[in-house]
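Please open the structure in a viewer and keep the selection tool at hand. The tour below proceeds from one selection to the next.

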Amino acid sequence: MKNIIIYILLIFLSHNSFAFQKLFQTDEKAKKFGKTITEKDLKKHLFIYASDEFEGRDTGARGQKMAVNYLVNFYKEIGIKAGNTNGSYVQEMTLDIRRDNVGQVETENVLAIIEGNEKPNEFVILTAHLDHVGKKGDVIYNGADDDGSGTVALLEIAEAFKKAVEKGRGPKRSILFLHVTGEEKGLLGSKYYSENPIYPLENTVVNLNVDMIGRIDPTREKKNREYVYIIGSDHDSQDLHNLSEQTNAETINIELDYRFNDTDDPNRFYYRSDHYNFAKNGIPIIFYFTGTHEDYHQPTDTPDKIEYDLLELRTQLIFYTAWNIANRDKRIIVDPKPEKKSL
Ligand SMILES: [Zn+2]
């Protein structure tokens, strides 16, 4: 008798957990498209994007314009629409660069959009910065990891979503692929976007920012190499954090490492990349990052040093997370803000 009760209980429990899984599970179809994100394609893009020809992509310089052209041509060729409402793939701006007394520079963000088929007025924004630090004399700073890795990740994610659209599986919400300029000069391109948004910030559901995801942090020696640092996922939305964790568990299942997640972490990574310009406007964000290394901001940050198998896994994770945010019935819930206590 006891055994029968246990048996019935087990059936009941497994049934219940099955129902729970069904309700939230990552769509199996997503995996078909996620698998189109490959080491080979990422490598192909990055060896061009971080080549000497692009001269380190300094904001406003010739190399940065070449980077912009590369991105715009990519989106045009695969048939993803221009992201600016004026029909352009760029958002032009004049930046006043204080660092090194550069002064006024004409530059641009690149944007492309896949419109949602159910909630086109809700936006998931993916960002990576298109610029790097340029060259000093004849020495080129290629910026393969920073942020060539995030840039090519966005391209591959865009392509995977486009393939889904072609198979009638386009996202419910709109996805904006936003390559921001002037990051190395003080997050200026993302600041410009947040002050001059093409789509209302209040309709921006989430920002997933990708900056340096191609290497292995040397301080992690002998630890699991299949990891990514997650920063900010639980700062403004427990819902986003849970979605991120569950998506990972159901798909590529790498280690999500939160060592830099605290807002008061001494490295202050939370404040140091473009997601911050969204976060400060109350938009939930996740910053994907895999750590600094000896080639950080050195001429030796070259594409031959990228761990392409890991770049593939990390890019797939971001794709699945974006997929689940864009396709879920409910918009990501922003946590209520605690009342600020006066001192
Ligand atoms: Zn960067």
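For the helix crossings on this tour, axes are lines fitted to C-alpha atoms over the stretch in contact, and angles run from 0 to 180 degrees between N-to-C directions. The model shown is a predicted one.

**First stop: helix 3 and helix 9**

Select residues 39-49, which form helix 3, together with residues 308-327, which form helix 9. Their axes come within 8 Å and cross at roughly 105°. An angle of 65 to 115 degrees counts as roughly perpendicular, and helix 3 is therefore roughly perpendicular to helix 9. To see where the helices meet, display Glu39, Leu42 and Lys43 on helix 3, and Tyr308, Asp309, Leu311, Glu312 and Thr315 on helix 9. By class, this contact of helix 3 with helix 9 comprises four charged, three nonpolar and one polar residue.

**Second stop: helix 7 and helix 9**

Keep helix 9 in view and add residues 238-250, which are helix 7. Here the axes come within 9 Å, with a crossing at roughly 125°. Helix 7 is thus oblique to helix 9. The crossing of helix 7 past helix 9 is right-handed. Next, highlight Leu243, Ser244, Thr247 and Asn248 in helix 7; they meet Leu317, Tyr320, Thr321, Asn324 and Ile325 in helix 9. The contact of helix 7 with helix 9 has five polar and four nonpolar residues, and no charged ones.

**Third stop: strand 11 and its partners**

Now select residues 285-289, strand 11. Is this strand mostly covered or mostly uncovered? Strand 11 is mostly covered, since five of its five residues are buried. In a regular strand the side chains alternate between the two faces of the sheet. On one side of strand 11 are Ile285, Phe287 and Phe289, on the other Ile286 and Tyr288, and all are buried.

Add strand 8, residues 204-210, which pairs with strand 11 in the parallel sense over four bridges. Asn209 stands opposite Phe287 of strand 11. Then add strand 9, residues 227-231, which runs antiparallel to strand 11 and is joined to it by three bridges. Phe287 in strand 11 is the bridge partner of Ile231.

**Last stop: Tyr229**

Within strand 9, select Tyr229. Why does Tyr229 count as buried? Tyr229 counts as buried because it has 21 C-beta neighbours inside 10 Å, and 20 or more are required. Leaving aside residues up to four places away in sequence, Tyr229 touches Asp257, Arg259, Phe260, Phe289, Thr290 and Gly291. Finally, select Pro303: Tyr229 and Pro303 are 74 residues apart in sequence and 21 Å apart in space, C-alpha to C-alpha.

Notes: Residues are numbered from 1 along each chain as its sequence is written. This is a predicted model: local features need pLDDT of at least 70, side-chain atom pairs count only at pLDDT 80 or more; totals for chains, interfaces and linings use all residues. Helices (H or I, at least four residues) and strands (E, at least two) are DSSP runs, numbered from the N terminus. Angles under 35 degrees count as roughly parallel, over 145 as roughly antiparallel, 65 to 115 as roughly perpendicular and the rest as oblique. Two residues are in contact if their C-beta atoms, placed from the backbone, lie within 7 Å. Ala, Val, Leu, Ile, Met, Phe, Trp, Tyr, Cys and Pro count as nonpolar, Asp, Glu, Lys and Arg as charged, and the others, Gly among them, as polar. A crossing is left-handed if the near helix is turned anticlockwise from the far one by less than a right angle, and right-handed if clockwise. A residue is buried if 20 or more other C-beta atoms lie within 10 Å of its own, exposed if 12 or fewer, and partly exposed in between; C-beta atoms are placed from the backbone. Two strands pair if DSSP finds at least two bridges between them.
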